[in-house]
Amino acid sequence: MIRECVVSTLAPDGKPHLSPLGLIAAEAGEESGGWIVAPFHPSATLANLRALPEFVANYVDDVRIIAGLLTGRRDWPLCPSAHIRPPRLAAALAHAELRVVSVREDALRPRFLCRVVSEATHAPFRGFNRAQAAVIEAAILFSRRHLLPPATIAAQLAALRPLVEKTAGAAEFEAWGWLTEAMAG
């Protein structure tokens, strides 16, 4: 099971870094209730986790944050975390603070096994519309454009577009626009 979220880490110079990333539920034998984060090589998230092995998993319903981070819109308000150094997103409905307990090296995506130190809820979750799910899928396609054939991306975007057109609110239309404009450019 993978849970999509926005991960916040700290660079060695203390600068916060935000990145959309899927947390992988740890399997039996790894650490019950733990999570695995597997950033691609090379990435700022990977470098930051190596320097400071803790992060925040921010759970959001505003898909503009995810689309924005991928398309260069990086200025999202932050708040201090309760138990670790990296901050959390102010817009997070909930967040979990995690520490790395072990690392399994891999040339493409090292796997950091983590345990939850603290969790908090900040606002109610009122459910997703289908456009939000479509934007998240488009964001994943955008983040993997170096791995996937352009025809595959185009076909999947074409399948997602009607979901946005039928169910999006203003925020989802804006996020979709950011992603499709960045993919076209």
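This report describes the nonpolar cores, helix α3 and a cis peptide bond of a predicted model.

## Basis of the model

Residues are numbered from 1 along each chain as its sequence is written, and side-chain values use heavy atoms, without hydrogens and water. In this predicted model, local features need pLDDT of at least 70 and side-chain atom pairs count only at pLDDT 80 or more, whereas totals for chains, interfaces and linings use all residues.

## Nonpolar cores

The largest nonpolar core (buried Ala, Val, Leu, Ile, Met, Phe, Trp, Tyr and Cys residues joined through side-chain atoms within 4.5 Å; buried means under 20% relative accessible area with a 1.4 Å probe, protein chains only) has 28 residues. V6, I65, L89, V135, W176 and L179 have the most contacts inside it. At least two core residues come from each of α2 (63–70), α3 (130–143), α4 (150–167) and α5 (170–184); α3 gives the largest share, eight residues. Helices are DSSP runs of H or I, at least four residues, and strands are runs of E, at least two, numbered from the N terminus.

Leaving aside residues up to four places away in sequence, L179 touches A67, T71, V135, A138, A139 and F142, where contact means heavy atoms within 4.5 Å. Another core, of 17 residues, lies apart and includes L21, V37, L46 and A94.

## Helix α3

Buried residues of α3 include Q132, V135, I136 and F142. The buried residues of this helix pack against β1 (2–10), α2, α4 and α5.

## Cis peptide bond

H41 and P42 are joined by a cis peptide bond, with omega about -15 degrees. P42 lies in the loop between β3 (35–37) and α1 (44–51).

Technical notes:
Buried < 20%, exposed > 50% of the residue type's maximum accessible area, 1.4 Å probe, protein only.
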